[in-house]
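Student: I would like a close look at a single part of this model, the open sheet in the second chain, together with enough of its surroundings to place it. Please take it step by step.

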Amino acid sequence: MQRRLLLAGFAATLLAAAARAATDGGPRRIPVVARKFVFIPNEIAVRKGESVLLEFSAPEVAMGFFAPELGLRALIVPGEVARLPFTADKAGRFDFLCDVFCGDGHEGMSGHLVVTA
Amino acid sequence: MPADFDRRDFLRLAGVGAGVVFASGLAGCAARAAVPSTDFHFVQLSDSHWGFDGPAVNPEAATTLARAVAEVNALPSPPDFVVFTGDLTHTTDDPRERRRRMREFKAIVADLRVRDLHFLAGEHDASLDRGEAFRELFGPTHYSFDHRGVHFIALDNVSDPAARVGEEQLAWLAKDLATLDKDAPVVVLTHRPLFDLAPQWDWATRDGDQVVAQLMPHANVTVFYGHIHQEHHHRTGHIAHHAATSLIFPLPAPGSQPKRDPVRWDAAQPFRGLGFREVERQGAAAFAIRQYPIGEA
């Protein structure tokens, strides 16, 4: 019982921390949905030096997010949110793609992460 | 020194007439190999994508594979065997349709007049069911065999949809390589490139570096693969990697444009960029590659 209370307390603390982050200068959350065969959005805009939290979900099948030039990679499993913290240290337009084969259309599943100075 | 091959170097190395693209391997070191020379040749077919429907890129999708089969059968000297380096079929979400396409593919290539056929899976064949249908119809997705003094290793880097060879197969590879002399000629067959050719186009194997690390102690290794629908030649150290053309549509040169869209069909040059290759062993550890465009064999 005591253990459950402790866990509940810990979860509440985490939720509160996340809520504070959303409103008190924590990383900006950017939800990204990976569907067959498109990222929504497929263009993600951030500012150089800005801390963001990419939050991926895939409602259909397992997908991947890979931005090779930025070294960002996430496996996106249905039913879970894959979180990827990121702070851009260079401006530019960087390709990302799905790197988990997901069907006929996988090859065209890509987008851009645009970092402005 | 750039890792990509210089075509002129190959032509010099090959020292042979028109038609042969180049020779690969350590020709100058052939005498060091432990196994005596026993020349032979085989044919590599790749990426037929049976079941693909896209008239703008190949209005002859229903006939291209059969043309290739007929042209292999018409070679002046029949190959010892034919190897298919993956994407035999085009992907589908429907397991029954996947198996139907595989059976149709098998029926077409059954007309090849060769004794042995060796099949590898591509991600279109195997990634959506982790190789289940492929194994039912074609057998294991990784294996090795010996042919006239050359050790062939077929590696599966597609049954994992994230393009990993995986720990289990890496352990199998280590055991397989441990049986060989370090100077034995080795040919690795696989679908995806084992090196980072164009990660932004998913032209890579996530743990390919671990495969290459295992191969590095072996002096005479050549890799033949598919996936990128075009000829491409590269070295990682002393290991040569040769990508094959497709039998459905060509793709643009690695990283040459924003998207890896198929090259559209050119009615003035039908079947342009499609074909197969003949690989001839010359000496213990050297291979000459002759490219056969569809319609010109």
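Tutor: Chain B has 297 residues, and buried residues make up 47% of them. Since we are reading a predicted model, these values are computed from predicted coordinates. The secondary structure of chain B consists of seven helices and 12 strands, and among its contacts between residues at least 6 apart in sequence, 73% join residues at least 24 apart.

Now to the sheet itself. Six strands of chain B form an open sheet in the order 5-6-7-8-10-9, and the pairing within this sheet is mixed. At its edges stand strand 5, residues 143–147, and strand 9, residues 232–236; each has a single partner strand, so one side of each is left without a neighbour in the sheet. From one strand to the next, the twist averages 20 degrees. As background, strands of a sheet pair through backbone hydrogen bonds, in either a parallel or an antiparallel sense.

One edge can be followed down to individual residues. Strand 5 of chain B pairs with strand 6, residues 150–154, in the antiparallel sense, and five bridges join the two. Within this pairing, Ser144(B) stands opposite Ile153(B), which belongs to strand 6 of chain B.

A sheet in the other chain offers a useful parallel reading. In chain A, four strands form an open sheet in the order 2-1-4-7, again with mixed pairing. Here the edges are strand 2, residues 38–40, and strand 7, residues 82–87, each with a single partner strand, so that one side of each is left without a neighbour in the sheet. With direction ignored, neighbouring strands of this sheet are turned by 25 degrees against each other on average. Strand 2 of chain A pairs with strand 1, residues 28–35, in the antiparallel sense over three bridges, and Val33(A) stands opposite Ile40(A) in strand 2 of chain A.

The setting of that sheet can be described in the terms used for chain B. Of the 117 residues of chain A, 24% count as buried, and its secondary structure comes to one helix and nine strands, with the helix coming before the strands when the elements are read from the N terminus. Residues 24 or more positions apart account for 61% of the contacts in chain A with a separation of 6 or more.

Finally, the two chains meet: 13 residues of chain A are in contact with 14 residues of chain B. The side of chain A that touches chain B has five nonpolar, four polar and four charged residues.

Terms used: Residues numbered from 1 in each chain as written. Chains lettered and ligands numbered in written order. Predicted model: local features only at pLDDT ≥ 70, side-chain atom pairs only at ≥ 80, totals over all residues. Contact = placed C-beta atoms within 7 Å. Nonpolar A, V, L, I, M, F, W, Y, C, P; charged D, E, K, R; others polar. Buried ≥ 20, exposed ≤ 12 C-beta atoms within 10 Å, placed from the backbone. Pairing = 2+ DSSP bridges. Axes fitted to C-alpha atoms, helices over the stretch in contact; angles between N-to-C directions.
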